[in-house]
Amino acid sequence: MNRVLVTGAAGQVGAAVAAQLRGSWEVIAHDRASLDLADPARIAAVVAETRPDVIVNAGAYTAVDRAETDTQAALAANSVAPGAIGIAAKHVGAVVIHFSTDYVFDGTKATPYVESDPTSPVSVYGASKLTGERALAASGVPHVILRTSWVYGPRGKNFLLTMLNAAKTREEVRVVDDQRGAPTSALQLARATQALLAQPADKLRSATGVYHCSAAGDVTWFDFTREIYERWGKINPGFRAPRVVPIPSSEYPTPVKRPANSRLSNAKLQETFRIALEPWEQGLDETLAVLASA
């Protein structure tokens, strides 16, 4: 059985990846308490000790707005850590799978982004993730960088859980309707990671590079919210959805401007590895079913 080291294992993506791989891989899962990505020496020590065949780096600083003022912490986890992971992985002959984000783009393109499009992050978070991509590549380790978008899951802090919690106390929620992307569940990303690890080892190593990895289809935050409430109501008959009001981004100011277009083309991932994520609606139904059974 091959050995995989998963970072950020207490987060929504890391937890889903670790759970998905157990049984077919020897999974060594570390959360922030046991492997702080802000500590390059600790990264080197853990990798040298465990000698994994693959490292899945699902750990990151994801508080987009807070990153504007908590810059050092964001840079440590998102910019420095991927390079340190790459260097450590190269020493033991491991491959690195690393999660990145649509925030490396400014969101002004009219069509879905492809991997070769110029990057132009407009936030500290986006810039820190882009620097991390480059640091990992510069380490010279074989790697697959997966840029994804609008990630949510049955745990952690995410849009889905925020909207469900809001429904408990509010009669109305106001949601932006001029940003479009593909809500991608942690469960979908976990399966995509498993499919990557099922590739022949030489192919995974030779296909080093950046790939876009998001759910099929796209939607606005407003319509996503309506779908959340409608589908949740079908499996919870007593649920009362608040009124959902569409607003422009200008009426919901945040410290960081969100990309208007977060759509990512997944063609390269499909052509190279024959991996295609399910439609976002399917990911939503699956995640809601998990929440309903909890």
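## A friendly look at rings, pockets and a cavity

Trp221 counts as buried, with a relative accessibility of 14%. That is a good place to start a tour of this predicted model. The label follows from a cut-off: a residue is buried when its relative accessible area is under 20%.

**Paired rings**

How many aromatic pairs does the structure hold? There are 10 aromatic pairs. One of them joins Phe159 and Trp221, whose ring centres are 4.5 Å apart and whose planes meet at 45°, a tilted arrangement. Phe159 belongs to helix H5 (residues 159-166) and Trp221 to helix H8 (residues 221-235), so this pair ties together parts that lie 62 residues apart in sequence. Phe159 is partly exposed, at 22% relative accessible area.

A further pair involves Tyr229 and Phe239: their centres are 5.7 Å apart and the planes stand at 40°, so this pair is tilted. Tyr229 sits in helix H8, while Phe239 is in the loop between H8 and strand E12 (243-247), so the contact links parts 10 residues apart in sequence.

Which residues do ring pairs link into a cluster? The members are Trp150, Tyr152, Phe159, Trp221, Phe224 and Trp280. Elsewhere, a ring meets a charge: the charged end of Lys268 sits over the ring of Tyr211, 4.5 Å from the ring's centre.

**How open is each residue?**

Here are the residues of the two pairs, along with Glu230, which is also found in helix H8.

| Residue | Relative accessible area | Class |
|---|---|---|
| Trp221 | 14% | buried |
| Phe159 | 22% | partly exposed |
| Tyr229 | 4% | buried |
| Phe239 | 21% | partly exposed |
| Glu230 | 44% | partly exposed |

Glu230 can also serve as a marker for distance across the model. From Glu230 to Gln20 the sequence separation is 210 residues, and their C-alpha atoms are 28 Å apart in space.

**A cavity**

The structure holds 1 cavity of 30 Å³ or more. About 30 Å³ of space lies in the largest cavity. Which residues line the largest cavity? Its lining is made up of Asp102, Tyr103, Trp150, Gln179, Trp221, Arg258, Pro259 and Ser262. You have met two of these names before: Trp150 and Trp221 are among the members of the ring cluster. By type, the cavity's lining residues are 4 nonpolar, 2 polar and 2 charged.

**A pocket**

Next comes the second largest pocket, with about 160 Å³ of space. Its lining consists of Asn2, Trp25, Asp53, Val54, Gly93, Val95, Leu197, Gln199, Pro200, Ala201, Leu204 and Arg205. Which helix gives the most to this lining? It is helix H7 (residues 201-206), with 3 residues. Sorted by type, the pocket's lining has 7 nonpolar, 3 polar and 2 charged residues.

**The annotated stretch**

Finally, a record adds some context. An unreviewed UniProt entry places the feature "domain: RmlD-like substrate binding" at residues 3-290. Over residues 3-290 the chain is 41% helix and 17% strand, and the C-alpha atoms at the ends of this stretch are 28 Å apart.

Key. Residues are numbered from 1 along each chain as its sequence is written. This is a predicted model: local features need pLDDT of at least 70, side-chain atom pairs count only at pLDDT 80 or more; totals for chains, interfaces and linings use all residues. Side-chain values use heavy atoms; hydrogens and water are left out. Rings of Phe, Tyr and Trp (its six-membered ring) pair if their centres lie within 6.5 Å; planes under 30 degrees apart count as stacked, over 60 as edge-to-face and the rest as tilted. Helices (H or I, at least four residues) and strands (E, at least two) are DSSP runs, numbered from the N terminus. Buried means under 20% relative accessible area, exposed over 50%, partly exposed in between (1.4 Å probe, protein chains only). A charge sits over a ring if NZ of Lys or CZ of Arg is within 6 Å of the ring centre and within 35 degrees of the ring normal. On a 1 Å grid over the protein atoms alone, a cavity is a set of points where a 1.4 Å probe fits but cannot get out, and a pocket is an open set with protein on both sides within 12 Å along at least five of seven lines; lining residues have an atom within 4 Å of a point. Grid points are joined across faces, edges and corners, and a volume is the space filled by probe spheres set on the points. Ala, Val, Leu, Ile, Met, Phe, Trp, Tyr, Cys and Pro count as nonpolar, Asp, Glu, Lys and Arg as charged, and the others, Gly among them, as polar. UniProt positions are given in the numbering used here, feature names are shortened, and annotations may be inferred rather than shown by experiment.
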